Amino acid sequence: MTEQHTLSNIGSEELPRTYEVRTFGCQMNVHDSERLSGLLEDAGLSRKPEELAEEVADVVVFNTCAVRENADNKLYGHLGMLKNLKAERPNMQIAVGGCLAQKDRDTIIKKAPWVDVVFGTHNIGSLPTLLARSRHNQKAQLEILESLDVFPSTLPTRRESVYAGWVSISVGCNNTCTFCIVPSLRGKERDRRPGEILAEIQALVDDGAIEVTLLGQNVNSYGVEFGDRLAFGKLLRACGEIEGLERVRFTSPHPAAFTDDVIDAMAETPNVMPQLHMPLQSGSDKVLKDMRRSYRSKKFLGILDKVRERIPHAAITTDIIVGFPGETEEDFQATLDVVEASRFSSAFTFQYSKRPGTPAADLDEQLPKAVVQERYERLTALQDRISKEENAKQLGRTVEVMATDQSGRKAEETHRFSGRSQDQRLVHFSVPEGAQAPRPGDLVTLPITEVAAFHLISDPTVDQYSLRRSRAGDAWDRAQAESCGVPAPAGSGSKGRTSLGMPTLKVRS
């Protein structure tokens with residue numbers, strides 16, 4: 001009997017053992033956590049029920065980030081809160097994976113000896129075996145690989161959403177940005193073959209999903225490993241040939257490698273959404289050089305101009321770092337100027353902080369916290385104004401919104417649903433009296449009646465509201481029926497939420 005299957009049997013006296021995965025960081029980590037959940041369920045564990053939110057599962061997995069500020073403090077804070085509980089429940093297990101685990105390795109076990117398993121970004125498939133080995137040997141298990149063991153797409157997956165899904169097209173990064181530790185933690189770029197990617201997308205669509213987001217550290221450099229520099233544009237066009245796939249998104253591209261053929265593919269493929277996330281990082285050419293970002297502000301703005309020429313209603317978002325070492329007031333003003341010119345619909349803004357192991361951490365002229373804070377506040381105030389001005393242009397427009405299972409903070413008070421428009425803007429909307437409410441995954445068409453900086457609002461009349469029930473909504477019904485242990489609606493099939501990430505399926509040509 002394999003160690004993986006032993007995992008569920010060892011704890012048979014308390015079956016079913018439950019698990020929870022706590023995720024920190026980027027979309028890549030969120031997607032990795034879907035793989036971890038699939039692995040644990042394949043090994044016989046059950047996800048901790050939502051109604052037991054205040055309780056702690058039998059197996060707790062932390063999927064960590066090493067990029068975000070205070071990532072290590074956040075992890076050790078969470079681990080510290082579990083220390084006493086672990087002493088009371090010796091059969092409970094704690095595992096730490098992800099980027100911080102890849103970086104800190106045995107430091108985690110030294111600082112938190114009650115942790116049972118530490119694994120890295122290259123061997124997430126080892127988690128069930130490591131948990132079983134730790135339980136059998138009564139000893140912490142550490143396994144960190146320096147290169148990819150198995151491409152994550154081949155692992156079992158428990159998708160968090162039935163109507164939309166993440167699909168990795170590559171892992172790793174070949175760039176050397178001085179502020180970023182990702183390349184050393186996730187390795188050089190490894191690309192999946194197009195057929196494998198399209199088969200996974202087809203599997204998601206067959207299960208009911210109507211939206212996919214293609215993931216990679218630099219998605220538009222996809223194809224470098226097998227020598228096709230036009231591969232990403234071709235992949236977008238191929239996604240347009242998959243029947244039933246209504247929305248395609250991707251994140252994140254790199255401005256230096258963003259080419260006209262990708263813009264053409266976006267404009268000419270109907271199911272590729274009019275939305276682009278294009279990381280700026282800084283508007284100062286000097287700072288971009290110090291960051292080893294191999295483009296300059298003129299090229300960046302030129303890309304946005306080309307995108308908007310081909311896709312006039314595209315919503316463009318970005319990432320910006322404030323206070324990089326050596327950034328002068330003149331440099332920062334250059335960033336403000338580029339932000340003003342770019343007209344981003346929204347921006348993820350960060351205050352620079354040292355990341356041990358990155359070249360930028362050793363640069364001179366580290367800026368005082370007060371200076372960075374003041375600039376950050378000026379930048380966010382500017383972007384908030386621009387976001388509201390850009391959202392104001394949506395007033396009166398009729399948009400198609402995919403309903404989601406998330407709701408706004410005031411949902412109980414306003415009785416509004418929430419969803420995403422084609423350009424990824426968040427829309428809170430009401431359903432007119434007498435009209436049918438959407439299920440998550442269904443599509444509604446309605447006018448924008450009110451705007452704010454970070455969302456849009458629609459309160460349509462009956463004649464302004466149109467609902468299209470979708471295959472994704474049907475999949476939501478099936479998933480809800482299965483989770484409640486009741487028969488699914490007639491004709492809805494019997495597919496569950498755990499599937500192999502890379503099945504063998506035909507893709508329509």
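This passage describes the sheet, strands and helices of a predicted model. Local features were considered at pLDDT of at least 70 and side-chain atom pairs only at pLDDT 80 or more, whereas totals for chains, interfaces and linings use all residues. Residues are numbered from 1 along each chain as its sequence is written, and side-chain values use heavy atoms, with hydrogens and water left out.

Helices (H or I, at least four residues) and strands (E, at least two) are DSSP runs numbered from the N terminus. An open sheet is formed by six strands in the order β2-β1-β3-β4-β5-β6, with parallel pairing, where two strands pair if DSSP finds at least two bridges between them. Its edge strands, β2 (46-47) and β6 (141-143), each pair on one side only. Strand β1 (residues 18-23) runs parallel to β2 and is joined to β2 by two bridges; Thr 18 has Ser 46 of β2 as its bridge partner. Helix α2 (residues 27-42) packs on this sheet and touches β1, β2, β3 (59-64) and β5 (117-119), its direction making about 170° with that of β1. Contact here means heavy atoms within 4.5 Å, and axes are lines fitted to C-alpha atoms, for helices over the stretch in contact, with angles running from 0 to 180 degrees between N-to-C directions.

A further parallel pair is made by strand β11 (residues 211-215) and β12, which are joined by five bridges, and the bridge partner of Thr 213 in β12 is Arg 249. Strand β12 (residues 247-251) has five of its five residues buried (under 20% relative accessible area, as against over 50% for exposed and partly exposed in between, with a 1.4 Å probe and protein chains only). Arg 247, Arg 249 and Thr 251 lie on one side of β12, and Val 248 and Phe 250 on the other. In a regular strand the side chains alternate between the two faces of the sheet.

Among the helices, α8 (residues 194-206) has its end C-alpha atoms 18 Å apart, in agreement with the 18 Å expected for 13 residues at 1.5 Å a residue, the expected span being 1.5 Å times one less than the number of residues. The buried residues of α8 include Ile 197, Leu 198, Glu 200 and Gln 202, and the helix is followed by Gly 208, whose phi is positive, near 120°. In helix α6 (residues 127-137), the buried residues include Leu 127, Pro 128, Ser 134 and Arg 135; just after α6, Gln 138 takes a positive phi of about 55°.
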